[in-house]
Amino acid sequence: MLEVRDLKVSFHTEQGPARAIDGVSFDVAEGEILGVVGESGSGKTVSLLAVMGLITDPNVVIEGSIKYQGRELVGLPAKEMRKLRGREIAMIFQDPMTALTPVYTIGWQIAEQIRAHNSISAKQAEQRAIDLLAEVNIANPHEAIHRYPHQLSGGMRQRAVIAMALSCNPSLLVADEPTTALDVTVQAQILDLVRKLQKNHKSAVVFITHDMGVIAEIADRVMVMYAGRIVERGNKVALFSNPLHPYTKALLDSIPLLEGERPRRLKSIPGSPPALLNRPKGCAFAPRCANRFEACASVPVLPNAGHDAACFKVNP
Amino acid sequence: MLLAITRRLGQMLFVLVGISILVFLIFFATPGADPSARIAGRNASPEILEAVRKSFGFDQPFYMQYLIMMKKIFVTGDLTSFVNRGWKVVPAVFEAIPVTLSLVIGAAVLWVVFGIIIGTVAAATRGSWLDKFLMVLGLVGISMPVYWLGEVMNLVTQSRYHDTWMFSWVPPLGYKNISTDPRGWFLTLIIPWFTLAILYIGLYGRVLRANLIEALQEDYVRTARAKGLSETRILLRHALRTSLTSFVTLFGLDFGALVGGAALLTEVVFDLHGVGMLTYNALLTLDLPVIMATVLYASFFVVLSNALVDVVYIFLDPRVRTA
Amino acid sequence: MTVLYEAKNVSKRFTVGSRFSATGKLTLNAVDNVSLSIKAGETLGLVGESGCGKSTLGRCMTRLYEISHGTLVFDGDDISQKSLRQLRPLRAKLQMVFQDPSASLNPRRRVGDLIGEPLRIHAKMNHREIADRVSELLTLVGLSPDHATRFQHEFSGGQRQRIGIARAIAVNPKLIVLDEPVSALDVSVQAQIVNLLADLQEKLNLTYVFIAHDLSVVRQVSTRIAVMYLGSIVEIGNIEDIFAKPAHPYTQALISAVPEPDIKKAGMRSRIILTGDVPSPVNPPSGCRFHPRCPIAQDRCRMERPVLRVHNSKQQAACHFPL
């Protein structure tokens with residue numbers, strides 16, 4: 001359904017162009033949940049914002065190809081893109097506190113999106129907003145549509161944002177760290193809700209997060225990003241039970257567990273993720289990698305099939 | 001709501017009383033301000049001074065003098081000038097109010113309308129030549145002193161080009177009463193309105209542009225884009241709406257100050273006998289009753305316009321309603 | 001092991017809103033009658049969701065906040081009544097590390113000065129001694145001595161947290177309150193800091209209060225754990241006991257809500273999904289504060305507030321119907 005090929009996103013900076021996304025290719029199939037995991041600066045959010053056409057900064061250059069149901073999105077006129085956004089492809093953002101306009105009721109904001117894409121009356125749009133709020137388990141939806149964002153708790157706001165994203169029955173839903181700003185008990189509710197809605201609406205979901213645990217719970221397929229590239233991709237079970245890339249392995253090892261023996265020290269990755277303007281020439285993970293050798297001075301490629309990793313140890 | 005209004009009124013009263021006491025004390029603490037010496041004239045004999053002091057009540061304790069003055073302003077309304085004997089102050093202020101209000105309200109309409117247009121257009125086209133042009137224009141407007149601009153306006157419309165088709169409609173300087181001559185009222189005020197408004201149009205346009213550009217960086221604007229809304233709708237319904245709060249705050253302060261007499265320079269240039277001019281003349285002669293009356297009037301409007309700002313806030317921002 | 005720190009019946013109330021706001025003045029019991037003791041050399045994990053009061057309690061313990069009620073005994077000294085001047089010598093022994101290192105370190109000062117500042121204040125060292133000690137500390141936290149001349153913006157988040165830790169251990173403290181020290185860090189860097197803290201604890205004989213919302217991190221670093229909900233401790237005990245068999249339904253739900261990256265176990269764990277959000281501490285529920293979200297709540301829970309009692313002869317839990 002979504003085909004991204006060799007996507008490159010570069011920012012113009014005073015020190016020259018900085019490539020935030022460096023040749024990312026991936027597919028999203030209908031009805032699947034693709035988990036995108038990575039640390040800050042790995043490019044996980046930027047690549048999906050590029051797909052949404054939400055990078056408005058004139059200093060940014062987007063190259064490559066993004067095909068949605070066979071239609072090329074890179075270079076699509078703004079007006080055409082706008083018709084897709086919100087109707088075909090919807091997005092949920094990280095912080096529900098700031099994602100809603102503070103001066104309008106949530107019912108108004110949901111109806112606004114519905115009426116932007118469908119010619120229906122205000123009354124019908126309001127009814128639809130009520131139905132949507134009920135669907136995301138907000139109590140008293142008739143009353144809730146008249147609430148302003150600040151009158152709702154974080155979890156409720158995120159539910160309202162999800163209801164809004166689903167309002168036009170999108171076939172692709174991009175969720176950018178939708179549970180990071182929430183408490184764990186509320187996170188569990190929202191993950192549960194996303195799973196349920198995904199089944200009912202049969203939308204494909206791209207779920208971005210830094211939390212391996214969340215990915216393990218929600219995704220069908222996983223793609224691990226590091227410094228603007230995909231380092232490993234595969235089916236969730238395969239990837240978690242047999243991680244190939246040293247970064248994925250190390251990342252999984254560095255997370256403390258809730259059960260079993262506690263190690264005296266955690267396994268940790270030395271150093272920190274490279275800054276955007278300071279990325280290593282070859283494999284970006286090489287300087288922190290315990291298995292690096294001569295070949296790592298050049299960029300490893302990610303074979304475009306099944307479970308695989310961009311690593312010379314795995315694919316010599 | 002009722003509680004909020006009562007509280008506001010209480011605050012207002014408090015401010016007014018405080019300001020009047022302060023003005024009163026400052027006046028008597030000012031060296032050379034002894035009103036009896038001023039009234040009795042130079043080289044007056046001590047006997048005459050004493051007589052003047054008695055007849056004006058300056059021999060009474062300060063608090064009595066203050067109370068008498070307040071009574072004369074608010075109850076009997078027969079406070080008279082210390083300088084022009086017999087000139088009643090309260091009616092004089094009430095005569096000046098419509099002049100100042102006409103000037104400031106008209107200018108305020110202009111600067112709000114043009115400020116919003118300029119700020120919004122500049123923010124929508126940010127980075128383009130139009131944006132840069134509007135901002136330079138705004139800066140020019142801010143930098144032109146109002147008395148200079150007013151004189152230039154007068155020069156152009158009253159003498160140099162008065163006889164051309166462009167400005168032959170401009171009536172001579174002065175104020176026309178709105179109820180007896182509405183057409184004259186309007187025509188005489190057009191030039192003063194623009195003169196006074198230009199500074200504020202530049203200022204408000206620039207402030208609004210900055211606020212809008214800031215608002216356009218907010219997460220909710222990104223959400224609005226993700227919803228597939230048009231840029232115009234995002235700008236007007238989401239960004240502008242949330243940016244108006246600081247615009248309104250600024251407006252409340254400026255409007256209050258101008259109505260309170262800060263439009264003095266414009267009044268002087270265009271020979272409009274408003275409150276600014278009244279205050280100015282009273283200050284030159286240290287005429288306490290007039291100063292007192294105009295200061296009270298000014299602070300009343302400053303407090304009132306701030307109270308109005310609070311009410312507008314409640315409409316603009318639902319967060320204020322529940323907080 | 002001796003008791004190093006003891007908090008007895010500590011409460012912290014905040015007032016929100018003012019007498020003049022629509023809702024009036026409200027009292028928020030951020031910390032509500034909390035008692036706990038910390039033994040020398042242990043790490044007490046303080047967990048709970050946002051608004052549970054864990055950070056407020058941490059700040060009360062270091063007297064960054066004035067407590068409203070209760071006593072704090074540190075190293076045999078009652079510090080709850082001491083004036084700030086009397087506290088000064090104690091501050092060296094009682095340090096705090098914050099979540100966001102870049103916000104708690106002055107950006108205009110060199111790292112050497114930041115770390116050296118507590119030495120100058122508390123240890124009264126001269127320049128030479130300070131420089132030597134700073135190099136020693138930088139090495140101790142895994143940085144290089146020549147980092148002393150740099151500014152904090154030249155460092156990554158993990159390195160900045162190392163600087164924050166170096167500053168805290170500079171004056172040989174006994175107890176460090178760590179407020180979410182790894183939450184702002186990338187996953188791959190979190191483990192480094194967790195290990196560093198464990199190493200330092202061993203080397204320097206430190207006692208920690210580790211405040212975090214991430215239960216897996218808390219389990220890794222703590223010897224004991226206190227679970228807070230709406231300002232009160234609902235369960236406290238040894239880490240193994242509580243993770244093996246939580247007595248309070250909230251603890252159980254909290255542990256089960258943590259997403260598990262080990263997919264072999266992910267299918268086997270039973271999840272308890274609580275309904276609703278954490279209620280506002282301004283208007284807490286009656287009886288047991290957890291009852292509206294509790295899957296096993298009964299009538300008694302709505303009326304009567306449970307107190308901490310020993311269960312399984314190990315941990316203490318505040319629940320009428322412990323698991």
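## A walk through chain B and the A–C interface

Helix 9 and helix 10 of chain B are roughly antiparallel to each other, because the angle between them, about 155°, is over the 145 degrees that marks this class. Everything on this tour belongs to a predicted model.

**Stop 1: helices 9 and 10 of chain B.** Select residues 219-226 of chain B for helix 9 and residues 231-262 of chain B for helix 10. Their axes lie 10 Å apart, and the crossing of the two helices is right-handed. Now show side chains. On helix 9 of chain B, the contact uses Tyr220(B), Val221(B), Ala224(B) and Arg225(B). Facing them from helix 10 of chain B are Glu231(B), Ile234(B), His238(B) and Thr242(B). Colour this set by residue class and you will find 4 nonpolar, 2 polar and 2 charged residues.

**Stop 2: helices 4 and 13 of chain B.** Next, pick residues 62-76 of chain B, which form helix 4, together with residues 288-316 of chain B, which form helix 13. Here the packing angle is about 60° and the axes are 11 Å apart. Helix 4 and helix 13 of chain B are therefore oblique to each other. Their crossing is right-handed. Which residues make the contact between helix 4 and helix 13 of chain B? Helix 4 of chain B brings Met69(B), Met70(B), Ile73(B) and Phe74(B), while helix 13 of chain B brings Leu288(B), Pro289(B), Met292(B), Ala293(B) and Leu296(B). This contact has 9 nonpolar residues, with no polar and no charged ones.

**Stop 3: the whole of chain B.** Zoom out and show chain B as a cartoon. You will see 14 helices and 0 strands, so to speak an α element at every step from the N terminus on. The C-alpha atoms of chain B fill a box of roughly 85 × 60 × 35 Å along the principal axes.

**Stop 4: where chain A meets chain C.** Bring up chains A and C. Their contact draws 47 residues from chain A and 41 residues from chain C. Together the two chains bury about 3900 Å², with 53% of that on carbon and sulfur atoms. To find a good place to look, select Thr185(A), Leu258(A) and Arg262(A): they supply 21% of the area that chain A buries against chain C, more than any other three residues.

**Stop 5: a salt bridge to finish.** How many salt bridges are there between chain A and chain C? The count is 5. For a close look at a salt bridge, keep Arg262(A) selected and add Glu240(C): their side chains meet at 3.0 Å, N to O.

Definitions and conventions
Residues numbered from 1 in each chain as written. Chains lettered and ligands numbered in written order. Predicted model: local features only at pLDDT ≥ 70, side-chain atom pairs only at ≥ 80, totals over all residues. Heavy atoms only, no water. Axes fitted to C-alpha atoms, helices over the stretch in contact; angles between N-to-C directions. Helix = DSSP H or I, 4+ residues; strand = E, 2+ residues; numbered from the N terminus. Parallel < 35°, antiparallel > 145°, perpendicular 65-115°, else oblique. Left-handed = near helix turned anticlockwise from the far one by under 90°. Contact = heavy atoms within 4.5 Å. Nonpolar A, V, L, I, M, F, W, Y, C, P; charged D, E, K, R; others polar. Buried area = accessible area lost by both parts, 1.4 Å probe. Salt bridge = Lys/Arg side-chain N within 4 Å of Asp/Glu carboxyl O.
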